[in-house]
Amino acid sequence: MRHGRSGRKLNRNSSARTALARAQATALLREGRIQTTVAKAKELRPYVEKIITTAKAGGLHARRLCAEDIQDNAVLRKLMDEVAPKYAERPGGYTRILKVGVRRGDSAPLALIELV
């Protein structure tokens, strides 16, 4: 039984889940919105929100903590200089998930996750 176990496995091992989360977080911060499955979007939301909250602190330590997950320097710069200051007064809830239908190939439910 999975009592008290949080998170979805998404049919991946732990290193693949981490890589997926980092890649999707980087894409979301680069583009502002991405389309993915509902399950992946629900897993991505807390991951990205923690990164943005860390970036809001500013400073070198926050930049290095964010750089562990966002390994693209251009996206990291955008996060620290544009995204984090935009949410300085907001206490959380930086993303929005909108369900957009099903994928044509396998009928997987799709969602649009975007920065508010």
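## Salt bridges around glutamate 114

In this predicted model, arginine 33 and glutamate 114 form a salt bridge whose closest N and O atoms lie 2.6 Å apart. The two residues come from distant parts of the chain, 81 residues apart: arginine 33 sits in strand β1 (residues 33-37) and glutamate 114 in strand β3 (residues 109-115).

**Exercise 1.** Classify arginine 33 and glutamate 114 as buried, partly exposed or exposed.

*Solution.* Step one: the relative accessible area of glutamate 114 is 7%. Buried means under 20%, so glutamate 114 is buried. Step two: arginine 33 has a relative accessible area of 48%. Exposed means over 50%, so arginine 33 is partly exposed.

**Exercise 2.** Find the salt bridge between arginine 96 and glutamate 114, and place both residues in their strands.

*Solution.* Step one: the closest N and O atoms of arginine 96 and glutamate 114 are 2.7 Å apart. Step two: this pair also links distant parts of the chain, with arginine 96 in strand β2 (residues 95-102) and glutamate 114 in strand β3, 18 residues apart. Step three: arginine 96 is partly exposed, at 34% relative accessible area.

**Exercise 3.** Describe the salt bridge between aspartate 106 and arginine 103, then state which residues are joined into one network through shared partners.

*Solution.* Step one: the closest N and O atoms of aspartate 106 and arginine 103 are 3.0 Å apart. Step two: aspartate 106 is partly exposed at 48%, and arginine 103 is partly exposed at 35%. Step three: salt bridges with shared partners join Arg33, Arg96 and Glu114 into one network. The structure holds 6 salt bridges, including the pairs treated here.

Technical notes:
Residues are numbered from 1 along each chain as its sequence is written. This is a predicted model: local features need pLDDT of at least 70, side-chain atom pairs count only at pLDDT 80 or more; totals for chains, interfaces and linings use all residues. Side-chain values use heavy atoms; hydrogens and water are left out. A salt bridge is a side-chain nitrogen of Lys or Arg within 4 Å of a carboxyl oxygen of Asp or Glu. Helices (H or I, at least four residues) and strands (E, at least two) are DSSP runs, numbered from the N terminus. Buried means under 20% relative accessible area, exposed over 50%, partly exposed in between (1.4 Å probe, protein chains only).
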